Amino acid sequence: MVFDSDPMLKVINVVGARPNFMKVAPIVAAMKQRPGKFLSLVVHTGQHYDAAMSDSFFRDLELPEPDTHLGVGSGSHAAQTAAVMERFEPVVLQEKPDWVLVVGDVNSTLACALVCVKLGIKVAHVEAGLRSRDRTMPEEINRLLTDQIADLLLTPSEDAGANLRAEGVPADRIRFVGNVMIDSLLQNLERARRSRVKTELGVADADYAVLTLHRPSNVDEPETFARILSALESIAEKLPVIFPVHPRTRKTIAELGLSDRVAAIKRLRLIDPLGYLDFLNLYSGARLVLTDSGGIQEETTALGIPCVTLRENTERPITVELGTNVVVGTDTARIVTVATAAMNGSARRTASQPPLWDGHTSERILAALEQVSLNP
Ligand code: UD1
């Protein structure tokens, strides 16, 4: 039971990289609606810093300007993680929050959680419990370690809770709250309809595919990238493919000497990374989406858009079980077969949503924070 006299909770909400912004925005908005209960601060680590990877998301998602910007920037995993830790520690010492809330699985997530556990500051991890079981994936290490040290594990799906329990996490640290990214998606669908991105690109609904690609295991590996390009050569003959290019991928296309080969795929359109609303507008009109992103597997499931995941595994199995996702790996023939089936309409377009992907996850997160604070 929560009473008006309950003490206010001061929460530092951490953002660092592009996939964090749409998870934190609805949580911060919900906290701002309850000023007597929550004092919310936003700390941006600066892991992502390009306007197209960061600023435009603050605007689109109406996320308040960060109270503190750590300005960390790019670097090796060790250098980036260490820099976030060094710069975050004095902020925590100064602010003395009741909670630090971290989201997802990027280096900033682990770095900030690690600072807090050593200082005895409570950490809540949103999107806890997801597991790809692929330890070559840097995000899997971030997930495993963050979940080991966080005080409150807020899970998006029932499989995530089962993973945590199987790892020996006590049940009282786990709360099934649903998928907070879907809060952002549902809150912004209407505004995204006003985007002019399809007109600007000259594409009509269902007449194009969308591609995103940025995992090091795909774009930093010449042979894997080449297999994916072979598939795209075939797919783009049947359907134009719009490809907003992540900065990592733009760099490796040049470094691996693939620029000419990519340019020769006539109906593969490379564009700059899009903001949240433009991208939502674009993929929601696509006939299919090809991706190696985690979040996009979920967003396509929420909207019933066929998704072809160019990875060997997924930490989001519910998108395959209930949703529209097919995990195809990086074999050329398999990508083409599955993408062609999706193009021809034989892929599953489901109306069934995973439980608690209902747009109310941020409210459940706040309730969990309050409840655990009252009964530690
Ligand atoms: C990071 C996350 C990944 C997430 C992805 C989403 C980790 C380990 N990885 O990967 O989980 O899916 O963000 O985008 O945390 N760069 C720029 N401008 C930027 C940011 C990056 O040019 O604003 C370039 C730099 O060359 C940098 C490279 O992209 O070295 C990689 O950036 P980094 O943050 O290390 O990893 P991502 O691949 O973006």
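User: Where does R133 lie in this model?

Analyst: In this predicted model, R133 sits in the loop that runs between β5 (122-126) and α5 (138-149).

User: And what's the phi of R133 like?

Analyst: The phi of R133 is near 60 degrees, which is a positive value in a residue other than glycine.

User: Is R133 buried or exposed?

Analyst: R133 is exposed, with a relative accessible area of 60%.

User: What about L356, where is that one found?

Analyst: L356 is found in the loop between α16 (332-343) and α17, and although L356 is not a glycine, its phi is positive at about 65 degrees. As for accessibility, L356 is partly exposed, with a relative accessible area of 28%.

User: OK, switching to the sheet. What is the strand order in the open sheet of six strands?

Analyst: The order is β10-β9-β8-β11-β12-β13, and the pairing in this open sheet of six strands is parallel. The edges are formed by β10 (268-271) and β13 (325-327), each of which pairs on one side only.

User: How many degrees are neighbouring strands turned against each other?

Analyst: On average, with direction ignored, neighbouring strands of this sheet are turned by 20 degrees against each other.

User: Let's look at β8. How many bridges join it to β9, and how many to β11?

Analyst: Strand β8 (residues 209-212) is joined to strand β9 (residues 241-244) by two bridges, with the strands running parallel, and to strand β11 (residues 288-291) by four bridges, again in parallel.

User: Which residues stand opposite each other there?

Analyst: On the β9 side, A209 stands opposite V241, while on the β11 side T212 has T291 as its bridge partner.

User: Which β8 residues are on which side, and are they buried or exposed?

Analyst: A209 and L211 are on one side of β8, V210 and T212 are on the other, and all of these are buried, so that both faces of the strand are covered. That division fits the general pattern, in which the side chains of a regular strand alternate between the two faces of the sheet.

User: How does β11 pair with β12?

Analyst: β11 and strand β12 (residues 307-309) pair in the parallel sense over three bridges, and within this pairing V289 stands opposite C307 in β12.

User: There's a glycine just there, G304. What is its place, and is it buried or exposed?

Analyst: G304 has its place in the loop between α14 (295-303) and β12, and it is buried, with a relative accessible area of 5%. The C-alpha atom of G304 is separated by 7.2 Å from that of G323, although these glycines are 19 residues apart along the chain.

User: New topic, aromatics. How many aromatic pairs does a search of the whole structure find?

Analyst: The search of the whole structure finds three aromatic pairs. One of them joins F21 and F57, whose ring centres are 6.0 Å apart and whose planes are at 35 degrees, so the pair is tilted. This pair links distant parts of the chain, since F21 is in helix α1 (residues 18-32) and F57 is in helix α2 (residues 55-60), 36 residues apart. Both F21 and F57 are buried.

User: And F21 with F58, why is that pair tilted?

Analyst: The ring centres of F21 and F58 are 5.2 Å apart and their planes are at 55 degrees, so this pair is tilted, given that the tilted class is what remains between planes under 30 degrees apart, counted as stacked, and those over 60, counted as edge-to-face. It also links distant parts of the chain, with F21 in helix α1 and F58 in helix α2, 37 residues apart. F58 is buried, as is F21, and F21, F57 and F58 form one aromatic cluster.

User: At what angle do α1 and α17 cross?

Analyst: The axes of α1 and helix α17 (residues 361-374) cross at roughly 65 degrees and come within 9 Å, and the crossing is right-handed. At the contact, P26, I27, A30 and M31 in α1 meet S362, I365, L366 and L369 in α17, and these residues divide into seven nonpolar, one polar and no charged.

User: Last one, T81. What does it touch?

Analyst: Not counting residues up to four places away in sequence, T81 touches N107 and A111. T81 is found in helix α3 (residues 77-95) and is buried, with a relative accessible area of 15%, which is under the 20% cut-off.

Notes. Residues are numbered from 1 along each chain as its sequence is written. This is a predicted model: local features need pLDDT of at least 70, side-chain atom pairs count only at pLDDT 80 or more; totals for chains, interfaces and linings use all residues. Side-chain values use heavy atoms; hydrogens and water are left out. Buried means under 20% relative accessible area, exposed over 50%, partly exposed in between (1.4 Å probe, protein chains only). Two strands pair if DSSP finds at least two bridges between them. Rings of Phe, Tyr and Trp (its six-membered ring) pair if their centres lie within 6.5 Å; planes under 30 degrees apart count as stacked, over 60 as edge-to-face and the rest as tilted. Axes are lines fitted to C-alpha atoms, for helices over the stretch in contact, and angles run from 0 to 180 degrees between N-to-C directions. A crossing is left-handed if the near helix is turned anticlockwise from the far one by less than a right angle, and right-handed if clockwise. Contact means heavy atoms within 4.5 Å. Ala, Val, Leu, Ile, Met, Phe, Trp, Tyr, Cys and Pro count as nonpolar, Asp, Glu, Lys and Arg as charged, and the others, Gly among them, as polar.
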